[in-house]
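Let's take a look at how charged side chains pair up in a protein. Have the sequence and the 3D view ready, and follow along.

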Amino acid sequence: MTKRPWGYQPTSDRPDPDWKVQPQTDAVRAGLARSGFGETSEALYLSSGFTYTSAQEAADAFTDETDHFVYSRFANPTIAMFEKRLAAIEGAELCLATGSGMSAMFASLACLVSAGDRVVASAAMFSSCHVVLTEILPKWGVEVDLVAGNKKDVWSAALSRPTKAVFIETPSNPLLEIVDIQMVSDLAHKVGAKVIVDNAVASPVLQQPLKHGADIVMYSATKHIDGQGRVLAGAILGDFNYFQESLLPFIRHTGPALSAFNAWVLVKSLETMTLRVNEMNASTQKIAEFLESHSSIELVRYPGLKSHPDFATAQKQMSGGGSIIGLNVKGGKAKAFELLGNLRIMDISNNLGDSKSLATHPASTTHRRLAPDVQAAMGITDSTVRISVGLEHVDDLIKDLGQALKR
Ligand SMILES: *Cc1c(COP(=O)(O)O)cnc(C)c1O
């Protein structure tokens with residue numbers, strides 16, 4: 001690359017490229033590209049376009065012969081720092097940031113399929129992902145089959161026919177169903193299907209699907225990656241071939257690009273993500289145990305509890321149960337609403353993975369768009385409440401839930 005006036009440095013050589021550092025170190029250091037000013041913190045390049053010192057330099061940039069930035073729909077220095085950092089944490093060859101989790105979900109799958117192709121997905125998932133799979137892709141001639149996520153024989157049968165892609169959300173939102181990533185990946189690869197995992201609920205700290213055989217990971221970075229309720233964002237991670245052959249040709253022209261400002265917020269969020277998620281995970285385990293022993297609660301779903309039907313699979317592929325709890329209160333919708341209304345610290349909100357603890361009633365909010373039988377198949381009832389545990393002191397959160405359940 002030609003030297004820029006301020007001596008733009010492509011990527012920092014700290015940590016030493018030959019050192020194998022922990023993800024927590026990558027979360028602070030990877031991808032850092034300092035300008036010639038030597039700023040400590042990552043710079044915000046809020047620029048849609050870039051200039052060239054000659055027509056030839058522009059021509060070379062457009063033929064991809066140099067890594068000169070061309071246009072922020074394709075690449076931008078601040079967005080690139082976020083992408084390289086997340087790729088290093090995840091252990092992926094490449095990462096592409098998008099403007100929302102849904103644009104990441106849609107692009108990760110749409111770039112692979114054509115009319116006549118078949119997709120198999122686990123049935124329990126975030127409602128907008130469900131709409132993409134059951135309404136939008138079928139309209140374009142893609143066949144989609146949804147299967148019960150935790151049954152091996154069901155997956156074997158579903159993956160005995162030619163399949164282009166498999167989409168799994170594990171743990172699922174809101175009732176934390178667990179899909180065995182390695183088991184599904186092994187079956188999928190036998191029929192040549194690529195496996196995409198929506199890892200938003202677990203976060204990169206607690207689960208790295210590529211290590212369990214998945215080909216592609218996608219995130220709503222709005223959740224634990226930002227983790228402070230500020231920006232919408234998404235990310236897709238995978239290998240060089242997937243990017244070159246499928247993803248980049250699709251997104252360059254359809255344009256789900258992340259804003260450089262939001263990428264700058266996120267690159268700083270990654271620095272604290274490990275600490276935040278580990279603290280939230282430890283608090284959530286205690287809260288799940290408290291709720292499980294409470295007489296007003298009918299059912300607690302949390303992957304860190306032995307009572308979870310897929311506890312063993314969760315132990316195998318996650319390093320913690322996460323920050324989300326699904327529960328059914330005794331007494332139906334009225335009691336669920338009463339619990340939400342009684343909370344004095346936790347907010348009623350449909351977001352998750354935030355530093356503020358949030359509680360919601362999925363049947364009337366996040367999953368309202370789904371038909372009652374689809375909700376029922378995911379285990380969502382009128383008495384289901386989803387709690388996203390934040391960074392407040394765990395004793396205060398247990399006290400809040402205790403008084404809200406008692407009143
Ligand atoms: C929130 C969420 C999404 C969608 O992400 P947005 O950033 O809101 O577009 C997708 N999948 C899961 C599991 C989510 O929790």
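## Charged pairs and a nonpolar patch

Start with helix α12 (residues 332-342), where you'll find both E338 and K335, sitting 3 residues apart, about one turn of the helix. Keep in mind that you're looking at a predicted model. The side chains of these two residues, E338 and K335, form a salt bridge, with 3.4 Å from N to O. Both partners are partly exposed: E338 has a relative accessibility of 33%, and K335 has a relative accessible area of 39%.

Why would such side chains get together at all? Side chains of opposite charge can pair when their charged atoms come close.

How many salt bridges does the model have? The count is 13. Here are three of them, side by side:

| Salt bridge | N to O distance |
|---|---|
| E42 and K268 | 2.7 Å |
| E135 and R369 | 2.9 Å |
| E338 and K335 | 3.4 Å |

Now for the pair E42 and K268, whose side chains meet in a salt bridge. E42 belongs to the loop between α1 (23-29) and α2 (55-62), while K268 is part of helix α10 (residues 260-292), so this pair ties together parts that are 226 residues apart in sequence. Is E42 buried or exposed? E42 is buried, at a relative accessible area of just 5%. Its partner K268 is partly exposed, at 25%.

Next, try E135 and R369, another salt bridge. E135 lies in helix α5 (residues 127-139) and R369 lies in the loop between β11 (358-360) and α13 (372-377), so here the pair ties together parts that are 234 residues apart in sequence. Both of these residues count as partly exposed: E135 has a relative accessible area of 38%, and R369 comes in at 47%.

Back to the helix pair for a moment: E338 and K335 both lie in α12. Elsewhere, salt bridges with shared partners link E42, R85, K268 and E271 into one network. Two of the names there should ring a bell, as E42 and K268 are the pair with 2.7 Å between N and O.

Charge isn't the whole story, so to speak. Which residues make a nonpolar surface patch of about 290 Å²? They are L44, L46 and F261. Find F261 in helix α10, the helix that also holds K268. With a relative accessibility of 40%, F261 is partly exposed.

Conventions. Residues numbered from 1 in each chain as written. Predicted model: local features only at pLDDT ≥ 70, side-chain atom pairs only at ≥ 80, totals over all residues. Heavy atoms only, no water. Salt bridge = Lys/Arg side-chain N within 4 Å of Asp/Glu carboxyl O. Helix = DSSP H or I, 4+ residues; strand = E, 2+ residues; numbered from the N terminus. Buried < 20%, exposed > 50% of the residue type's maximum accessible area, 1.4 Å probe, protein only. Patch = residues over 30% accessible without salt bridge, like charges linked within 9 Å, V, L, I, M, F, W, Y side chains within 5 Å. Areas by Shrake-Rupley, 256 points an atom, 1.4 Å probe, with all protein chains shown as cover.
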